[in-house]
Each structure stands twice: as C-alpha cells, then as structure tokens.
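Reader: I'm new to this one. Could you take a close look at the salt bridges for me, and go through them slowly?

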Amino acid sequence: MALSVELGGGTLSEIYQSAKKVLLRTRDGLERLERSEHAGGGIDSPDLSTSVKRDISQIQSLCAEMDRLWRSVGAKSQRDLWKRKVEQIAEEAQSLKDSLDRYDARNQKRATEARERAELLGRANGDGAHVMRIFDEEAQARDSVRNSARMLEETNATGEAILRKYAEQREFLKRAQRKALDVLNTVGLSNSVLKLIERRNRVDQWIKYAGMILTVVVLFLIWRWRR
C-alpha cells in the first residue's frame, strides 16, 4: 500500500528509498577509506572523507524528515513499521558516523606521529656534528688516561729500580765497612781513626737517606705534572 504522506515534494517511501541509496553509497565510501588506510600505510583521502561526511549529514537530515512523516501515518501498524525502519536507518547512519570519527582520529594520530618523527629527525641531523664531537673528545680523554697510566707505571718502575740500586749499594758499603774494620783491627789502628770512619759512615748514611727522599719527591712531582 503506497503512502501519500509528503514533505517537500516527496512521500515517506520516496524519502526512505533515497536514504537507503545514500546509506549504501556512504558505506561503500567508508570501506574504500579503510582499505586505503590498510593498503596505503594510512594515507589520507580528504576528498573521499569529505564526501562520506556529507552523505552522513544528508542521511541524518532525511531521517529527521521521515521521523516527522511517519507520525502522520493513519494506521498504527504502519506507524510502528515506519518507526522501526526510520530508527534502523538512523542507527546505521550513527554507526557509520562513529566509524568515520574513529578513522579521522587514527588519521590525526598518524599525522601527529609523522610530524614528531620529522622534528626528531631534524634535531638528530642538526645535533649529529655535536654528538660526533663529544665522541671524539671522550676518545681523546680515554687515550690521555691510558697514556698517563703508562707513564706512571714507567716512573714507578724507574723509582723501584733506583731504590733497589740504593739497597745494593748499602749492602756493599756494609760489607766494605766490615772488611775495613777487620783490617784496621788487624793492624792495630787507633780509636780516633775508627771514630773518624764511623762518623764518615754516618754522613754517608745521611746522604743516602737524603738521596732516597729526593728521589721520591721528584717521582711525585713528575706524576703530578703528567696528570
């Protein structure tokens, strides 16, 4: 049974058919957007997106017209039928709108991430020379530390060799002193000569100790200067 209720030159059935056609076109456009998103790495299609938005707005306008029209249908059964049809169209339009909003949100997120990556890459390129300069300075510092450690080891080895030489000379002097005392005692030299020898021995010891202290001081100064 054809309905004769009209609004703006169209019956309720005609407006409903128009809404169904626009709904199919909108669903197809949204599917194309989503396929482009998955196949093209999220490349935006602004013209198609605008067309889908426009179609959704048209469906919502048609639903508002049909919502007023079905209330004028005489038979209650027909009113209930048209009410369900109009609600179904409105729900599908809202579902498409929600899907489009999610698509727009994902697209906006991708655009933001791409802009942030571009900014980060620009900063990385601008700071590349500075980073390499820092690496060079750190490498030079490590080389300097290794060289200082090697020089310190060499200085320490030299000092140990000098101390061993002094120890050997000390033992030699002690043996020479003992031999000299034995010889002097044998020939019967006077006590004054023995005291003179002992005093000379003490002077030699002071000279030896002073030389050892001076060597340690010189090694310490060399170590501080090379640092």
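Author: One bit of vocabulary before we start: a residue is called buried when its relative accessible area is under 20%, exposed when it is over 50%, and partly exposed in between. Arg27 comes out at 28%, so it counts as partly exposed. Keep in mind that this is a predicted model.

Now, Arg27 has a partner: it forms a salt bridge with Glu92, and their closest N and O atoms are 2.9 Å apart. Glu92 sits in helix H3 while Arg27 belongs to helix H1 (residues 12-39), so this pair ties together parts that lie 65 residues apart in sequence.

The structure has 7 salt bridges in total, so let's look at a couple of others that stay inside one helix. Lys97 and Asp101 meet through their side chains, at 3.2 Å from N to O. Both are in helix H3, 4 residues apart, which means about one helical turn separates them. Lys97 is partly exposed at 31%, and Asp101 is partly exposed too, at 36%.

Over in helix H4, Asp204 and Arg200 are also 4 residues apart, about one turn of the helix. Their side chains form a salt bridge at 3.5 Å, N to O. Here Asp204 is partly exposed, with a relative accessible area of 29%, whereas Arg200 reaches 55% and counts as exposed.

While you're at helix H4 (residues 191-226), have a look at Ile213, which lies there as well. Together with Val217, Phe220 and Leu221, Ile213 makes a nonpolar surface patch of about 390 Å².

Methods: Residues are numbered from 1 along each chain as its sequence is written. This is a predicted model: local features need pLDDT of at least 70, side-chain atom pairs count only at pLDDT 80 or more; totals for chains, interfaces and linings use all residues. Side-chain values use heavy atoms; hydrogens and water are left out. Patches are made of residues with over 30% relative accessible area and no salt bridge: like charges are joined within 9 Å, nonpolar side chains (Val, Leu, Ile, Met, Phe, Trp, Tyr) within 5 Å. Accessible areas come from the Shrake-Rupley method with a 1.4 Å probe; for residues, only the protein chains shown count as cover. A salt bridge is a side-chain nitrogen of Lys or Arg within 4 Å of a carboxyl oxygen of Asp or Glu. Helices (H or I, at least four residues) and strands (E, at least two) are DSSP runs, numbered from the N terminus. Buried means under 20% relative accessible area, exposed over 50%, partly exposed in between (1.4 Å probe, protein chains only).
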